[in-house]
Amino acid sequence: MRSGLAALLNKAPDMEVRDVPWSNAPGRLRSLRADVCVVDLDGPEGPEGGSVAELCRHMPKADCGLLVLATPGRPGVLRRAYDAHALGFVNKDATPQKLMEGIRNVAAGRRYVDESLAHDLLRAADMPLTARELSVLSLAARGATVSEIAGRLHLSCGTIRNYMSAITRKTGARNRVDAIRISQGAGWV
């Protein structure tokens, strides 16, 4: 999909497009001196959790804007992108013209929100979990035990249990598995 999208966008006379796999993006971003970085957060090789923030650390702040391709109905994904200072949000099912409009706006330093994602972006502000709780829940969703999560985050097992209790309460879940299901459905993890 990435290569096909790049070929389509390269036909625009005012765009020069490079398609880079997610794993190579941080290193290539500096050398390409891109005006806009378009990221598919839901793709098969897309970033997990804080990886968008990791990519943004490699982006020259003043020179490169972040535009996110997202699926409607997943406000958590939009929240993570917003927290990573994304300027543009385009529906993955949008027309190529809509994507080009988003890219041009972000290249000019303007915020762009596809109207089909606007409601989800507003809902994203209501995400009840803190960044630390999202980290804990993300590891739990990958099957990590309380002690494994504690080790990875350099916290005590009791602190992780407290976080899991808070997550369960804030999501309205019955238990850890239900909290993971609810959070994945909303795109938070």
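**Exercise 1.** Determine which residues Ile-167 touches in this predicted model, leaving aside residues up to four places away in sequence, and place Ile-167 within the largest nonpolar core.

*Solution.* Step 1. Beyond four places in sequence, the contacts of Ile-167 are Leu-129, Glu-133, Val-136, Leu-137 and Ala-179.
Step 2. The largest nonpolar core has 19 residues, and Ile-167 is among those that touch the most other members, together with Val-136, Ile-149, Ile-160 and Met-164.
Step 3. Two or more residues of this core come from each of α7 (131-141), α8, α9 and α10 (176-186). Helix α7 supplies the largest share, five residues.
Step 4. A second core, separate from this one, has 16 residues, including Leu-41, Leu-66, Val-77 and Ala-81. As a general background, nonpolar side chains tend to be buried together in soluble globular proteins.

**Exercise 2.** State the strand order of the open sheet and identify which strands stand at its edges.

*Solution.* Step 1. The sheet has four strands in the order β1-β2-β3-β4, paired in parallel.
Step 2. Strands β1 and β4 (112-113) each have a single partner strand, so each stands at an edge with one side lacking a neighbour in the sheet.
Step 3. Strand β1 (residues 36-40) is joined to β2 by five bridges, and within this pair Cys-37 stands opposite Leu-66.
Step 4. On the β3 side, four bridges connect β2 with β3 (residues 88-91), again in parallel. Here Leu-67 has Gly-88 as its bridge partner, and Val-68 has Phe-89.
Step 5. The connection from β2 to β3 involves helix α4 (residues 75-83), and the three elements form a right-handed β-α-β unit.

**Exercise 3.** Decide how many residues of strand β2 (residues 65-70) are buried, and examine each face of the strand.

*Solution.* Step 1. On one side lie Gly-65, Leu-67 and Leu-69, and these are buried.
Step 2. On the other side lie Leu-66, Val-68 and Ala-70, which are buried as well.
Step 3. The count is therefore six of six, which means that β2 is largely enclosed by the rest of the structure.

**Exercise 4.** Is Asn-91 buried or exposed, and what surrounds Asn-91?

*Solution.* Step 1. Asn-91 belongs to strand β3.
Step 2. Its relative accessibility is 10%; the cut-off for burial is under 20%, so Asn-91 counts as buried.
Step 3. Beyond four places in sequence, Asn-91 is in contact with Ala-70, Pro-72, Asp-114, Ser-116 and Leu-117. Of these, Ala-70 is one of the buried residues of β2.
Step 4. A polar atom of the Asn-91 side chain lies 2.8 Å from the backbone nitrogen of Asp-93.

**Exercise 5.** Locate His-154 and describe its backbone phi and its exposure.

*Solution.* Step 1. His-154 is found in the loop between α8 (146-153) and α9 (157-171).
Step 2. The phi of His-154 is near 60°, a positive value in a residue other than glycine. Most residues other than glycine have a negative phi.
Step 3. The relative accessible area of His-154 is 71%, and the cut-off for exposure is over 50%, so His-154 is exposed.

**Exercise 6.** Which residues have pLDDT that stays under 50, and how should that stretch be read?

*Solution.* Step 1. For the protein chain, the mean pLDDT is 82, and 82% of the residues reach 70 or more.
Step 2. Over residues 44-50 pLDDT stays under 50, and the model has twelve contacts beyond four places in sequence for this stretch.
Step 3. Predicted coordinates should not be read in detail where pLDDT is low.

How values were computed
Residues are numbered from 1 along each chain as its sequence is written. This is a predicted model: local features need pLDDT of at least 70, side-chain atom pairs count only at pLDDT 80 or more; totals for chains, interfaces and linings use all residues. Side-chain values use heavy atoms; hydrogens and water are left out. Buried means under 20% relative accessible area, exposed over 50%, partly exposed in between (1.4 Å probe, protein chains only). Two strands pair if DSSP finds at least two bridges between them. A crossover is right-handed if, with the strands pointing away from the viewer, the path from the first strand over the helix to the second runs clockwise. A polar contact is a pair of N or O atoms within 3.5 Å; within protein, one must be able to donate a hydrogen and the other to accept it, and residues adjacent in sequence count only if both atoms are side-chain atoms. Contact means heavy atoms within 4.5 Å. pLDDT is the predictor's confidence in each residue, from 0 to 100. A nonpolar core is a set of buried Ala, Val, Leu, Ile, Met, Phe, Trp, Tyr and Cys residues joined through side-chain atoms within 4.5 Å.
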